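Thank you all for coming; please have the sequence and the model open in front of you while I talk. I will go from single residues to the overall layout, then to the metal site, the cores and the pocket.

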Amino acid sequence: MPKYCTNCGNSPLTRGIPDGDTHARDYCSACGCVVYDNPKVIAGAIIEQDGRLLLCQRGIPPRVGTWTLPAGFMEHGESVEEAARREVWEETGMDTEVTTPYSIFSVPPTNELYIIYRARMLAWNGTSGHETQAVDWFLPEDIPWELIFYPAIRQILERYIAERTKGSYGIYTGSMEYGNIHFMR
Ligand SMILES: [Zn+2]
């Protein structure tokens, strides 16, 4: 199924490197309009209260029943901090204040960028959204590690628990393969 140019209306798009560009894209050879398909941003938060971490249990496919941090795709028209707060609200019914960035995590194979903040609970109505079947606080020793699906989320939780013990929190930037934890002075 060829895709058609949304600018001039009826020309099928061509796949290739447009003049002066660096990457292959779908573009219209009639009007020159280029369709840019760039990575998606997923915003979320790690929230601690009295030594417990907030996790959500997925209620919709894929991976129903696994636990993860509240996070989801950023929408048009919002900042990444607003996206993180909105995702936490939608999935957990919790109002939060985003404090500091905690992990800026690139996933090149799936063209995704995770931006996970530390956040502080302001209020919680105790409900969960339709994509979430349960929301709960976990002490580190009670985290159901076998039900944490994403290695990146596991790494974030493990690092948070280790850094909490030391009382000093870094900011990770990188991917699964390489990255650095930055500590502010
Ligand atoms: Zn066109």
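V64 counts as partly exposed, at 46% relative accessibility, where buried means under 20% relative accessible area, exposed means over 50% and partly exposed means anything in between, computed with a 1.4 Å probe on protein chains only. This residue is found in the loop between β5 and β6 (67-68); helices here are DSSP runs of H or I with at least four residues, strands are runs of E with at least two, and both are numbered from the N terminus. Leaving aside neighbours within four places in sequence, V64 is in contact with R58, G59 and Q133, contact meaning heavy atoms within 4.5 Å. Its C-alpha atom is separated by 22 Å from that of K40, and these two residues are 24 apart along the chain.

Before going further, I should say that this is a predicted model, in which local features need pLDDT of at least 70 and side-chain atom pairs count only at pLDDT 80 or more, while totals for chains, interfaces and linings use all residues. Residues are numbered from 1 along each chain as its sequence is written, and side-chain values use heavy atoms, with hydrogens and water left out.

Let me take three more residues. H76 lies in the loop between β7 and α1, and, with a relative accessible area of 84%, H76 is exposed. From H76 to E91 there are 15 residues in sequence and 19 Å in space, C-alpha to C-alpha. E90, which is found in helix α1, counts as partly exposed at 42% relative accessibility, and its C-alpha atom is 12 Å from that of G126, 36 residues apart along the chain. T96, in strand β8, is buried, at 2% relative accessibility. Not counting residues up to four places away in sequence, T96 touches I47, R85, V88, A119, R120, M121 and L122.

Now the overall layout. The protein has two helices and twelve strands, and along the sequence these follow the pattern β-β-β-β-β-β-β-α-β-β-β-α-β-β. The C-alpha trace spans about 60 × 40 × 30 Å along its principal axes, and of the 185 residues, 38% are buried. If we take the contacts between residues at least 6 apart in sequence, 55% of them join residues at least 24 apart.

Which residues hold the zinc ion as its protein donors? They are C5, C8, C28 and C31, each through its SG atom, lying 2.3 Å from the ion; donors are N, O and S atoms within 2.8 Å of the metal, or 3.2 Å for Na, K and Ca, and since water is not among the atoms, sites may look incomplete. The angles among the four donor atoms run from 105 to 122 degrees, and the site is tetrahedral, a label given to four donors if all angles lie between 85 and 135 degrees. In sequence the donor residues are spaced C-x2-C-x19-C-x2-C. Because C8 lies in the segment before β1 (14-16) and C28 in the loop between β2 (25-27) and β3 (34-35), the pair ties together parts that are 20 residues apart in sequence. C8 is partly exposed at 33% relative accessibility, whereas C28 is buried, with a relative accessible area of 1%.

Turning to the interior, the largest nonpolar core has 21 residues, and those with the most contacts inside it are I46, L53, L55, L69, I143, I148 and L157. Such a core is a set of buried Ala, Val, Leu, Ile, Met, Phe, Trp, Tyr and Cys residues joined through side-chain atoms within 4.5 Å. At least two of its residues come from each of β4 (40-49), β5 (52-58), β8 (94-107), β9 (112-124) and α2 (151-166), and α2 gives the largest share, six residues. Apart from this core lies another, of eight residues, among them I47, V88, M94 and W137.

Finally, the largest pocket holds about 640 Å³ of space. It is lined by 27 residues, of which I42, R58, A71, Y114 and Y150 lie nearest its centre.

Methods: Tetrahedral: all angles 85-135°; square planar, octahedral: opposite > 155°, others 65-115°. 1 Å grid on protein atoms, 1.4 Å probe; cavity = no way out; pocket = protein on both sides within 12 Å on 5 of 7 lines; lining within 4 Å. Points joined across faces, edges and corners; volume = space filled by probe spheres on them.
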